[in-house]
Amino acid sequence: FYYTQIGGDNLVFQFTDVSTGNITSWFWDFGDGQTSTLQNPIHQYQEEDHYHVVLGITTDSCTDIEHRWINAFHTDCLADFSYEQVNQGNDLMVHFFDESTGDYNHIHWDFGDGGMPSNQPDPWHQYFEPGDYEVELHIWEQGGGGPGCNHITKKIIRVQPASTCYALFTSVQHHSGIYDVQFSDASIGIVESWSWDFGDQSYSAVQHPLHIYENPGEYQVTLEINGPEGSSSFSRSIEVQQSNACLPDFIFSQTSIEEPLIVFINLSVGEYLEFLWDFGDGTFSIDSSPTHLFPAAGIFDVKLFTQGYGCADSIFKAIEVLAPPPCHAASSFSSE
């Protein structure tokens, strides 16, 4: 969600829901003890302060919440804007319009994508991917001889694809001893063929390819798609990472002689590691430092596998799980 202050003197705010999904109910907590179940409520605060606002949504399959701090203070000016997406060919172009009120002589736009900001009143901005972006507009007065105005508003805008056919992909590097990256096609539209260029003189025509790089580094990956609605291509720079060498190690202790419960302390060295424990009794764990209850006393071969970006190693130790000492009944008596 985002919010806009629509009353500078009386602390009135318009809250706008931009959640996605088949939403059946909304619950707003405005941080001042007041709530609402409307989708886009208007709320008036009674005192100037910073308020923690929470929006909870419910669908037929899930629930979710979003938190945001807002500044509710009296102001002589109000920042506000509207926008219109007007694509130029395949370029995702958005035209912004300053609709602020009050006396101000400076303006600053942040378009939410890390791109170049603007000081123009009604700027154009090009986005390179469709999606949701938080745009910030800041207005203020400088050199007016008084405190002047100073106000900021933020809105989440939704940039739509340029056409019904748009190439897009995601990538995840696996933790393993090799530099393998899973690419997933996320293109929009009807796609009949895929052409991948992994940036290392390797190619694929699979929709969701798994690619193994020889070395870590930065690679420019390009996906080109074709279908009945046209063709599109998308490029992104990815970094294939390498962590320090995996050096697995662990210690352990039995918490009590009365039960076969072992606490394992992971001493492995390396960055961004994942772990797999084989306790030697047919059970496993992916916790960093697990606690395990063995079925009985005895000697077990415990193995710890570690995996990072470009590294994998393992270590095993034979551990003895102690049993409680045997109990022998005894008695004595005397007779006179």
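Leu168, in this predicted model, is in contact with Glu129, Ser184, Asp185, Ala186, Ser187, Leu223, Phe234 and Arg236, when neighbours within four places in sequence are left aside. The residue sits in the loop between β13 and β14 (169-173). Its relative accessibility is 15%, and Leu168 therefore counts as buried, the limit for that class being under 20%. From Leu38, which is 130 residues away in sequence, Leu168 is separated by 35 Å, C-alpha to C-alpha.

**Nonpolar cores**

The largest nonpolar core holds 38 residues, and the members that touch the most others are Phe96, Tyr127, Phe183 and Tyr213. At least two residues of this core come from each of β9 (92-98), β10 (106-110), β12 (131-140), β13 (150-159), β15 (179-185), β16 (193-197), β19 (217-227) and β20 (230-240). A separate second core has 16 residues, among them Tyr3, Leu11, Trp26 and Tyr45.

The surroundings of Tyr213 can be listed in full. Apart from neighbours within four places in sequence, Tyr213 is in contact with Tyr179, Val181, Phe183, Phe198, Asp200, Tyr219, Val221, Ile238 and Val240.

**Individual residues**

Leu11, a member of the second core, lies in the loop between β1 and β2 (12-16). Its relative accessibility is 1%, so Leu11 counts as buried. Its phi is near 55 degrees, a positive value in a residue other than glycine. Gln201 likewise has a positive phi without being glycine, near 65 degrees. Gln201 is placed in the loop between β16 and β17 (203-204). With 72% relative accessibility, Gln201 counts as exposed, because that class begins over 50%.

Glu84 belongs to strand β8 (residues 81-85). Its relative accessible area of 45% makes Glu84 partly exposed, since this class lies between the 20% and 50% limits. Outside the neighbours within four places in sequence, the contacts of Glu84 are with Met93, Val94, His95 and Phe97. Glu84 and Tyr51 are 33 residues apart along the chain, and their C-alpha atoms are separated by 31 Å.

**Strand pairing**

An open sheet of 4 strands follows the order β24-β23-β26-β27, with antiparallel pairing. Its edge strands, each paired on one side only, are β24 (284-285) and β27 (311-321). Strands of a sheet pair through backbone hydrogen bonds, in either a parallel or an antiparallel manner.

Within this sheet, β23 (residues 274-278) and β24 are joined by 2 bridges, and Trp277 stands opposite Ser285 in β24. Strand β26 (residues 298-308) is joined to β27 by 11 bridges, with Val302 opposite Lys317 in β27. β26 and β27 form a hairpin with 2 residues between them, and Gly310 in the turn has a positive phi of about 80 degrees.

A hairpin also joins β6 to β7, here through 3 residues. The antiparallel strands β6 (residues 49-59) and β7 are connected by 10 bridges, and Ile57 stands opposite Asp64 in β7. The bridge counts for the three pairs are collected below.

| Strand pair | Bridges | Direction |
|---|---|---|
| β23 (residues 274-278) and β24 | 2 bridges | antiparallel |
| β26 (residues 298-308) and β27 | 11 bridges | antiparallel |
| β6 (residues 49-59) and β7 | 10 bridges | antiparallel |

**The largest pocket**

The largest pocket contains about 370 Å³ of space. Its lining comprises 16 residues, and Tyr3, Gln5, Asn71, His151 and Ile152 lie nearest its centre. By class, the lining divides into 6 nonpolar, 8 polar and 2 charged residues.

Strands β1 (2-7), β7 (63-72) and β13 each provide at least two of the lining residues. The contribution of β13 is the greatest, at 5 residues. β13 also supplies at least two residues of the largest nonpolar core. β7, in turn, is the partner of β6 in the hairpin described above. Tyr3, one of the residues nearest the centre of the pocket, is also included in the second core.

Notes: Residues numbered from 1 in each chain as written. Predicted model: local features only at pLDDT ≥ 70, side-chain atom pairs only at ≥ 80, totals over all residues. Heavy atoms only, no water. Core = buried A, V, L, I, M, F, W, Y, C linked by side-chain atoms within 4.5 Å. Buried < 20%, exposed > 50% of the residue type's maximum accessible area, 1.4 Å probe, protein only. Contact = heavy atoms within 4.5 Å. Pairing = 2+ DSSP bridges. 1 Å grid on protein atoms, 1.4 Å probe; cavity = no way out; pocket = protein on both sides within 12 Å on 5 of 7 lines; lining within 4 Å. Points joined across faces, edges and corners; volume = space filled by probe spheres on them. Nonpolar A, V, L, I, M, F, W, Y, C, P; charged D, E, K, R; others polar.
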